[in-house]
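Me: I'm new to this structure. Could you take one part and walk me through it closely?

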Amino acid sequence: MKCLLVFDTSNDIIYTKYNKKFAININEYARAQGLITEEDRDTKINSNIIVQLFSPIVTSQRIMSCQFGNSYTSIQCEDNINLTFEEYMGYLFVSIGREDVISMKRFLSVCVTIVRYLCGPDVLLLKTNTRASSTVTHLIDSWIYLHNTEQLMLVEAIEQLMVNSDLSAAALQALNEAVDKLQTVTERSKVHALVLVQNKFLSLYSSRTATVLSPTDILFLILLCNTNNMKQIQNENDADSDSEEEFYSPSSSPVTCDQPLNTLQQDDEQLQTHSYQVLLAGSDFIPKCVPHVVHINQITEGVNLLLIIEAGNALISSGLYDTFSYLHTMQIVQMQQDVETLKPAFENLDTAVKKLTDGLKKAKGSSKSALELSYKQLLKQWDGMRKKYLEFIKTNSNEALLTAENATAGLLKILKELLSLTAFDNSILYTTQVCLKDITKMVSDKLENFNEFFKAKALRNFTLGSYPLLHYRTNHRVTTPTLDFTSAETVNLTKKKIWSMLHFSRNHLQEGHLSIMWKDTTFNYAYFLWFEDTSGAPLKPTIFPTNASKALPLPGILCGDFYQKLKEACFPKMAPSKVRCYELYCIHLGLATASCVLEHTRRLAATIWELRGHPNHPIDLLYNLIKSVPELYHSM
């Protein structure tokens with residue numbers, strides 16, 4: 001039983017995703033309560049039923065959040081049913097199921113991230129635009145599938161296809177020419193070209209002025225590539241109704257076909273193209289929601305060329321996102337009528353609006369007249385609100401605060417119009433497709449001699465002979481042996497052990513344990529996380545994250561960059577860019593001793609550095625970690 005619900009600020013349901021088991025259970029409960037008749041045997045759930053059943057707990061959640069600043073994160077119920085909660089831009093995301101709470105929190109946070117990539121700060125698009133909600137649903141299905149089958153999505157890191165320098169240069173040259181041609185034809189200067197082979201990263205070429213793609217952006221693009229394969233996978237799993245994920249849109253949801261955010265599909269015998277408008281985060285740790293058009297072109301089965309065109313203004317996008325975010329914070333703070341709390345919140349909002357207006361002043365485009373009108377409306381609306389907030393801060397006048405509160409809805413409407421004008425443009429999807437066929441053919445021809453090798457390499461990307469199984473992370477890149485999960489024996493033994501190892505180590509990482517060794521009846525497991533400076537010298541944390549790690553995001557990068565926050569917590573007086581964070585997972589046979597595992601770990605890290613071309617830095621810190629960090633040696 002599994003369900004995802006999204007509620008707006010009025011506690012109305014705007015998005016649902018659930019499987020048949022959940023629908024059957026809810027409808028049976030609704031019949032018992034007299035909310036539906038005995039004759040009603042529909043497998044879908046009426047949105048009114050969901051609102052009636054869940055509005056008490058949603059209202060309680062909002063009161064705890066707004067008035068007390070102590071909202072629920074999860075609730076455990078009878079029959080092993082768990083509920084988890086997360087709020088984004090005033091919208092409440094609720095997950096219901098029988099999985100453990102941490103797994104459900106991760107699922108919910110990933111769902112929020114997916115919605116941010118598709119809708120930006122305007123979550124209401126899930127209700128007003130069927131294309132947006134449908135794409136979100138496919139992306140969630142894609143994440144569920146890859147999280148259960150692919151190691152790169154399990155550890156949330158990019159797996160580099162390891163090929164020699166000549167092949168890397170050939171791929172990079174092909175992408176360089178593709179970017180140059182795309183820039184010339186479309187007259188857009190900010191372009192990326194990316195090749196993925198069986199979800200593994202082969203090569204990326206970006207134009208000089210393009211916004212840098214973050215590792216999270218690339219993971220999202222991998223999910224986007226896989227949405228095109230999900231229908232076939234789901235058809236194969238139709239017989240298993242208990243595990244089937246189905247999407248039902250609330251019947252009360254209006255459908256607006258001409259809304260922004262579109263997807264296009266263009267198929268012919270030579271070219272399969274899927275096009276999307278998305279809002280990528282960029283390399284900053286606060287998402288910018290920069291508008292991009294993504295064209296996914298299949299070169300051959302398993303090899304995809306992604307052409308990514310920056311379609312918006314990064315300054316406007318960043319200002320819009322910040323304004324939405326701080327406006328939501330103001331709405332929460334002003335309910336408490338606390339001058340000391342409201343003042344810094346107002347200053348943040350004022351700075352965000354100024355950043356947005358500065359960007360709009362420089363904006364040019366086909367929608368200039370509409371943009372100018374919205375810009376003037378924004379200035380007028382904010383000027384009035386700003387005066388009332390300043391009056392409240394100065395005189396503590398409740399009337400001034402009430403006037404500012406009443407104007408919030410008008411400001412929010414203007415911000416949504418600006419988002420629609422600056423972030424989504426239906427015409428871009430069509431105008432940028434004119435040269436896709438030629439560019440894809442050019443890249444395909446240049447890589448034609450290597451495609452079969454790339455696909456074979458993807459199946460066996462990295463090996464260390466007789467060395468034990470390992471995962472190695474640096475800079476959000478993972479080096480790991482490629483395993484064949486088509487074998488039932490591999491799935492029943494190796495896969496379960498790996499997934500269990502990751503969950504176990506992450507749970508203890510959240511408790512502040514940076515080095516762990518444990519074993520079961522078959523294997524001996526080891527996990528190490530350590531830090532180095534830019535020269536490769538080991539760094540011992542100034543503050544061990546025993547308690548601080550509980551306030552961090554879940555380990556990974558899709559739910560927020562855990563490792564960036566961990567560096568900030570462990571080295572508060574150092575710039576995070578000067579600290580490098582490394583992770584290593586290792587599995588040995590159960591007969592291996594702790595000293596043997598530790599010695600192998602040091603050799604493995606050095607060997608991987610050599611294979612990947614990194615400087616061979618000594619990692620004696622691993623020995624120090626065992627001595628200085630509270631060690632957990634656990635028998636399962």
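What follows is a close look at one helix and the cysteines around it. Which residues of helix H17 are buried?

Reply: A word on the ground rules: this is a predicted model, where local features need pLDDT of at least 70, side-chain atom pairs count only at pLDDT 80 or more, and totals for chains, interfaces and linings use all residues. Residues are numbered from 1 along each chain as its sequence is written, and side-chain values use heavy atoms, with hydrogens and water left out.

Now to H17, which spans residues 562-570 (helices are DSSP runs of H or I, at least four residues, numbered from the N terminus). The helix is mostly covered, with 7 of its 9 residues buried (under 20% relative accessible area, using a 1.4 Å probe and protein chains only). Those buried residues are Phe562, Tyr563, Gln564, Leu566, Lys567, Ala569 and Cys570. At the start of H17, Asp561 has a side-chain oxygen within 3.2 Å of the backbone nitrogen of Tyr563.

Cys570 brings us to the sulfurs. A disulfide is a covalent bond between the sulfur atoms of two cysteines; here it is counted when a pair of cysteine sulfur atoms lies within 2.5 Å. Cys581 has its closest cysteine sulfur in Cys570, but at 8.3 Å that is too far for a bond. By this rule the count comes to 0 disulfides. Cys581 is itself buried, at a relative accessible area of 12%. Cys3 is buried too, with a value of 1%.

Note on methods:
Buried means under 20% relative accessible area, exposed over 50%, partly exposed in between (1.4 Å probe, protein chains only). Helices (H or I, at least four residues) and strands (E, at least two) are DSSP runs, numbered from the N terminus. A polar contact is a pair of N or O atoms within 3.5 Å; within protein, one must be able to donate a hydrogen and the other to accept it, and residues adjacent in sequence count only if both atoms are side-chain atoms.
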